Amino acid sequence: MAFLLIFITLLHLITLAMLFIATMEKSWWVWDSTKNSDLWYNCMYDNATETWLCASTKETEWLQAVQALMVLAVVFSSISFLVFLGQLFTMSKGGLFYVTGLCQIFAGLTAFTATIIYTLHHADILGTSPDPSRGHYGYCFILAWVCVPLLLCSGVMYVHLRKRE
């Protein structure tokens with residue numbers, strides 16, 4: 001039981017960190033090594049000053065939906081972890097972690113919805129300058145996709161996890 005508890009806690013913390021990085025880091029779409037875009041900024045590397053120059057992304061309805069859903073996924077997963085800690089110390093023996101599991105499943109579903117929207121509407125989100133067809137998905141987008149099954153699996157494990165002594 002202790003091994004399972006440690007495993008599920010580490011899995012939760014790892015997915016929470018991955019989800020936070022996927023939401024905040026600047027690589028959802030990459031054109032080349034000097035241009036990329038994320039949920040918040042379009043960035044270009046300036047060779048003369050050796051710095052990244054970033055400007056806010058053009059706000060579209062699809063982008064705002066992805067932003068809101070990714071932030072909501074981070075919030076759900078954070079709440080889930082806090083509820084888990086509270087239940088771990090206050091719940092009676094034999095209780096199930098339903099609330100924790102449901103929050104984690106909701107986090108997985110909101111991250112899934114955000115990544116699906118970005119997948120289907122990245123051309124609308126990115127606009128026409130520079131041409132989206134010359135780029136590819138960045139590591140943050142892939143990280144968000146990796147989080148989806150991990151969040152759902154950990155949510156299901158929480159639902160089936162029973163508190164013992």
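**A disulfide, a pair of hairpins and a helical core**

The link of Cys43 and Cys54 is right-handed, with 110° about the S-S bond. Their sulfur atoms lie 2.1 Å apart, and this pair is the one disulfide that the structure holds, a disulfide being counted where two cysteine sulfur atoms are within 2.5 Å. Because Cys43 belongs to strand β3 and Cys54 to strand β4, the pair ties together parts that are 11 residues apart in sequence. This is a predicted model, in which local features need pLDDT of at least 70 and side-chain atom pairs count only at pLDDT 80 or more, while totals for chains, interfaces and linings use all residues. Residues are numbered from 1 along each chain as its sequence is written, and side-chain values use heavy atoms, with hydrogens and water left out.

The two partners of the disulfide sit in unlike surroundings: Cys43 is buried, with a relative accessible area of 5%, whereas Cys54 counts as partly exposed at 40%. Here buried means under 20% relative accessible area, exposed over 50%, and partly exposed in between, for a 1.4 Å probe and protein chains only. Cys43 and Cys54 are also bridge partners across the strands, since β3 (residues 41–46) and β4 (residues 51–56) pair in the antiparallel sense over six bridges. Strands (E, at least two residues) and helices (H or I, at least four) are DSSP runs numbered from the N terminus, and two strands pair if DSSP finds at least two bridges between them.

β3 and β4 form a hairpin with four residues between them. In the loop that joins these strands lies Glu50, which has a positive phi of about 55° although it is not a glycine. Most residues other than glycine have a negative phi. Glu50 is exposed, its relative accessible area being 59%.

A second hairpin joins β1 to β2 through two residues. These strands, residues 29–32 and residues 35–37, pair in the antiparallel sense over three bridges, and Asp32 of the pair stands opposite Lys35 in β2. β1 also runs antiparallel to β5 (residues 136–137), to which two bridges join it; there Trp29 stands opposite Tyr137. Asn36, which has its place in strand β2, counts as buried at 9% relative accessibility. Leaving aside residues up to four places away in sequence, Asn36 touches Lys26, Trp29, Val30, Trp31, Tyr41, Asn42, Cys43 and Trp52, where contact means heavy atoms within 4.5 Å. Cys43 of the disulfide is thus among the residues that Asn36 touches.

From the strands we turn to the nonpolar interior. A nonpolar core is a set of buried Ala, Val, Leu, Ile, Met, Phe, Trp, Tyr and Cys residues joined through side-chain atoms within 4.5 Å. The largest such core has 26 residues, of which Leu19, Trp28, Leu39, Val66, Met70, Ala111 and Tyr118 touch the most other members. At least two residues of this core come from each of α1 (2–24), β1, α2 (61–90), α3 (98–126) and α4 (139–160), and α3 gives the most, with seven residues. Ala111 touches Leu19, Met70, Ala73, Val148 and Leu151, again not counting residues up to four places away in sequence.

Apart from this core lies another, of six residues, among them Ile8, Met91, Phe97 and Tyr158. Phe97 is found in the loop between α2 and α3, yet Phe97 is buried, with a relative accessible area of 1%. Phe97 and Tyr45 are 52 residues apart in sequence and, C-alpha to C-alpha, 47 Å apart in space.

The helical part can also be set beside a record. In an unreviewed UniProt entry, the annotation "transmembrane region" covers residues 62–84, 96–121 and 141–161; UniProt positions follow the numbering used here, feature names are shortened, and annotations may be inferred rather than shown by experiment. In the model, residues 96–121 are 92% helix and 0% strand, with their end C-alpha atoms 39 Å apart, and residues 141–161 are 95% helix and 0% strand, with their end C-alpha atoms 30 Å apart.

Two further cysteines deserve a look. The sulfur of Cys147 is 10 Å from the closest cysteine sulfur, in Cys140, and so too far for a bond; Cys147 counts as buried at 0% relative accessibility. The sulfur of Cys153 is 12 Å from the closest cysteine sulfur, in Cys147, which is likewise too far for a bond, and Cys153 counts as partly exposed at 46%.
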